[in-house]
Amino acid sequence: MSFVRRFISGLILIFINHVSVADADHAANAVRADSHAPIGVMGDHMHKAGEWMFSYRYMQMEMDGNLDGSDSISTDEILQDYMIAPESMTMEMHMLGAMYAPSDDLTLMVMVPLINTEMDHTMQMMSMGGGMGGSMMMPMRSEFTTETDGVGDVKVSGLFRLQQTSNSDLILNMGLSLPTGSIDEKDVTGMSMGNKVQLPYSMQLGSGTYDLLPGITYTQLLETYSWGAQAIYTYRISENDNDYTLGDRLKMSAWYARPFADNLSWSLRGIYEHWGDVDGEDSELNPMMKAMVPTADPDLRGGERIDLAAGINWAIPGSVTNRIAVEVIKPVYQDLNGPQMEMDYSVVLGWQLSL
Ligand SMILES: [Cu+2]
């Protein structure tokens, strides 16, 4: 009897052990939704040797109104100094991405953006109003929209692992932005008499220069939450074919994420971004333009901004790693060399598939 009892209790013990080992295995193999950064962050994670990942992101960015410094400046105020005031801008981007890891300590990444940008303007012209005793100048307002469409600057990056512990990663991001986006986008404006003319800087699809994108990323995955931080600098190496250089850019971001249900996590992220004015002047842009519309002035391009972002990641259970994520980004502080268009919000929706 004691043997049987011992045998049974032994079996029970093995069973319990097996179940808990299986559970631990399951937990280790289960993909944490927050093991990737919020979807607005790129180049936050490495892959295992031989692994591929494909991604698609849809991004929408809305600008509405204008700021001078951190103060709002109205269309009426802008039209006291300029003939044209930009009112709003919508940028939509489809970003195709691929990652491949030739080794555990190196992941390669390529990003191809397809961009569509629309900008609405109000124009004020003085026209002759006929009076009884003669003529006088009357302001006449009209509206027009410009649009551009096409491939932006393709970015290729190497992610080098600097340090790894059981729950953290330190990554060196070394990216290069290629001048694949057009800097000769033209459209009809309110004063171009039906002709397509060179559009101002923010309507162009690329920088026209090779840009270095050095950066550093740290992530840590703890039992109940995860966090990470990333800083990426955009350094424009040279002047483009139209005799100007976009301002360099610094983007820093830190996030906190927490699983809240099976395969789901939420995230909060703070972003700080600083970018410089345009150096030089677009030789294709009519030099009279910068006196007529603030967007054509190379000295009214720089600024800084702080954003807060809220996101959700969903790691879809299955044999391949399949994720869907969304992030909504809202500025809380902006200081712009203005008048310059004010960021209203942006949204990033993404899908990632690892094989
Ligand atoms: Cu990846």
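**Figure 1. Overall view of the protein chain in the predicted model.** About 18200 Å² of the protein chain is exposed, and carbon and sulfur atoms supply 60% of this area. The chain holds three helices and 17 strands. Of its 355 residues, 43% are buried. Taking contacts between residues at least 6 apart in sequence, 69% join residues at least 24 apart.

**Figure 2. Cavities in the protein chain, with the second largest shown.** Rolling a probe the size of a water molecule over the atoms shows where empty space is left. Five cavities of 30 Å³ or more are counted in the model. The second largest cavity has a volume of about 70 Å³.

**Figure 3. Lining of the second largest cavity.** The lining residues are Ile84, Met119, His121, Phe144, Thr146, Thr189, Leu199, Pro200, Met203, Met289, Val293 and Thr295. Strand 4 (106–130) and strand 5 (135–151) are the elements that give two or more residues to this lining. By residue class, the lining of the second largest cavity has eight nonpolar residues, four polar ones and no charged ones.

**Figure 4. Surroundings of serine 346 in strand 17.** Strand 17 spans residues 321–354 and includes serine 346. The relative accessible area of serine 346 is 13%, so this residue counts as buried, the cut-off being under 20%. Leaving aside neighbours within four places in sequence, serine 346 is in contact with Gln60, Met61, Glu327, Val328 and Ile329.

Methods:
Residues are numbered from 1 along each chain as its sequence is written. This is a predicted model: local features need pLDDT of at least 70, side-chain atom pairs count only at pLDDT 80 or more; totals for chains, interfaces and linings use all residues. Side-chain values use heavy atoms; hydrogens and water are left out. Helices (H or I, at least four residues) and strands (E, at least two) are DSSP runs, numbered from the N terminus. Buried means under 20% relative accessible area, exposed over 50%, partly exposed in between (1.4 Å probe, protein chains only). Contact means heavy atoms within 4.5 Å. Accessible areas come from the Shrake-Rupley method with a 1.4 Å probe; for residues, only the protein chains shown count as cover. On a 1 Å grid over the protein atoms alone, a cavity is a set of points where a 1.4 Å probe fits but cannot get out, and a pocket is an open set with protein on both sides within 12 Å along at least five of seven lines; lining residues have an atom within 4 Å of a point. Grid points are joined across faces, edges and corners, and a volume is the space filled by probe spheres set on the points. Ala, Val, Leu, Ile, Met, Phe, Trp, Tyr, Cys and Pro count as nonpolar, Asp, Glu, Lys and Arg as charged, and the others, Gly among them, as polar.
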